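Work through the exercises below with the sequence and the coordinates at hand, and attempt each task before reading its solution.

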Amino acid sequence: MVKANGITLHVQRLDPAGPAPAGRTGPTPTAVLIHGMASDTMASWYFTMAEPLTRAGFPTVLYDLRGHGRSDRPATGYALDDFVDDLAALLVELDVTGPLLLFGNSFGGTIAFGYAARHPDRVAGIVAVESSPPTPEWMGRVRMRLERVAARLPREGALAEIGAARGRIAARRAADTGRMLAETTMTAELPASRLPAGDAIAAIACPVLCLYGGDSAVGELAPAVQGLLPQTRVVVLPDEKHSVLIDRPDSVRRHVLAWLGEECGLDVAPPVTT
């Protein structure tokens with residue numbers, strides 16, 4: 001547990017399993033894995049990318065966002081700036097001073113882009129799964145999603161329906177999400193966030209990898225992302241939905257490790273299947 005930006009965050013720090021590959025030159029970036037909003041936690045990254053990244057020689061940091069998992073849940077403070085401030089303060093507390101590889105699932109990718117817009121010289125690469133930079137169109141989708149979830153979960157029988165369709169763990173997470181949305185100002189604050197200027201996002205010069213599920217509506221934003229950041233490599237995984245990170249981890253790992261070598265110039269070991 002680490003105190004950062006006035007709250008306590010649940011953090012997992014993983015050291016590389018071995019030395020960096022012999023062909024890698026310069027400082028090795030630290031991989032920072034940022035999960036999505038509402039029902040997500042750092043577990044989604046822990047069980048998919050954390051071990052392959054440490055095996056590839058990258059120091060790796062995961063954490064639960066404010067309000068999520070085992071981190072503090074303040075009643076207010078859920079604008080994009082608050083989440084970016086948390087990340088910046090956490091890196092200071094952990095004494096992470098070198099280059100960063102930022103990985104974001106869903107809204108976690110938006111936090112990654114928000115941090116890179118402030119600190120473009122710190123970020124060596126961004127991997128965004130089912131995500132977008134903080135643009136008005138994306139934040140409009142975030143608003144609709146939060147409002148739908150906040151309206152659905154308190155309904156009688158909603159948790160039972162989720163449990164029947166997706167299992168006991170999903171129902172338990174949904175119950176916690178309902179409490180979070182009821183106990184905090186997230187639903188109002190997050191969609192109303194102050195957004196970085198378009199030129200600040202466009203100034204992000206590092207390589208970017210965006211992965212989308214072929215059956216997810218988020219992929220509709222890919223052309224706009226590439227319009228802002230022409231260096232973006234877009235990968236669409238057919239027949240997958242918003243949960244592509246959890247449903248197709250081997251495919252995500254394969255594309256990420258290839259991209260790290262081809263676009264970021266970072267020598268990596270072959271993908272590890274777990």
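## Exercise 1: the nonpolar cores

Identify the residues with the most contacts inside the largest nonpolar core, and then look for a second core.

Solution. The largest nonpolar core has 58 residues, and those with the most contacts inside it are Tyr 63, Phe 107, Ile 111, Ile 126, Leu 190 and Ile 204; such a core is a set of buried Ala, Val, Leu, Ile, Met, Phe, Trp, Tyr and Cys residues joined through side-chain atoms within 4.5 Å. Separate from this core is a second one of 29 residues, which includes Ala 56, Leu 101, Leu 237 and Trp 259. Taking Tyr 63 as an example, and not counting residues up to four places away in sequence, one finds that Tyr 63 touches Leu 9, His 10, Val 11, Val 32, Leu 33, Ile 34, His 35, Met 42, Leu 87 and Leu 90, where contact means heavy atoms within 4.5 Å.

A note on conventions belongs here: the model is predicted, with local features needing pLDDT of at least 70 and side-chain atom pairs counting only at pLDDT 80 or more, while totals for chains, interfaces and linings use all residues. Residues are numbered from 1 along each chain as its sequence is written, and side-chain values use heavy atoms, with hydrogens and water left out.

## Exercise 2: a pair of packed helices

Describe how helix H1 and helix H11 pack, giving the angle, the axis distance and the residues that meet.

Solution. Two packed helices are described by the angle between their axes and the distance between those axes. For H1 (residues 43-55) and H11 (residues 249-262) the angle is about 35° and the axes are 10 Å apart; the axes are lines fitted to C-alpha atoms over the stretch in contact, and angles run from 0 to 180 degrees between N-to-C directions. Helices (H or I, at least four residues) and strands (E, at least two) are DSSP runs, numbered from the N terminus. The next step is to list the partners: Phe 47, Thr 48, Met 49, Pro 52 and Leu 53 in H1 meet Pro 249, Val 252, Arg 253, Val 256 and Leu 260 in H11.

## Exercise 3: His 68 and Ala 38

Decide whether His 68 and Ala 38 are buried or exposed, and place each of them in the chain.

Solution. His 68 belongs to the loop between strand S5 (60-63) and helix H2 (80-93), and His 68 is buried, with a relative accessible area of 1%; buried means under 20% relative accessible area, exposed over 50%, and partly exposed in between (1.4 Å probe, protein chains only). Leaving aside neighbours within four places in sequence, His 68 is in contact with His 35, Gly 36, Met 37, Ala 38, Asp 40, Met 180 and Met 186. Ala 38, one of these partners, sits in the loop between strand S4 (30-34) and H1 and is likewise buried, with a relative accessible area of 17%. The phi of Ala 38 is near 75°, a positive value in a residue other than glycine.

## Exercise 4: two aspartates in loops

Where do Asp 239 and Asp 121 lie, and what is the relative accessible area of each?

Solution. Asp 239 lies in the loop between strand S9 (232-237) and helix H10 (244-247), with a phi near 65°, a positive value in a residue other than glycine. Asp 239 is exposed, its relative accessible area being 63%. Asp 121 is found in the loop between helix H3 (107-118) and strand S7 (123-129), and Asp 121 is exposed too, with a relative accessible area of 80%.
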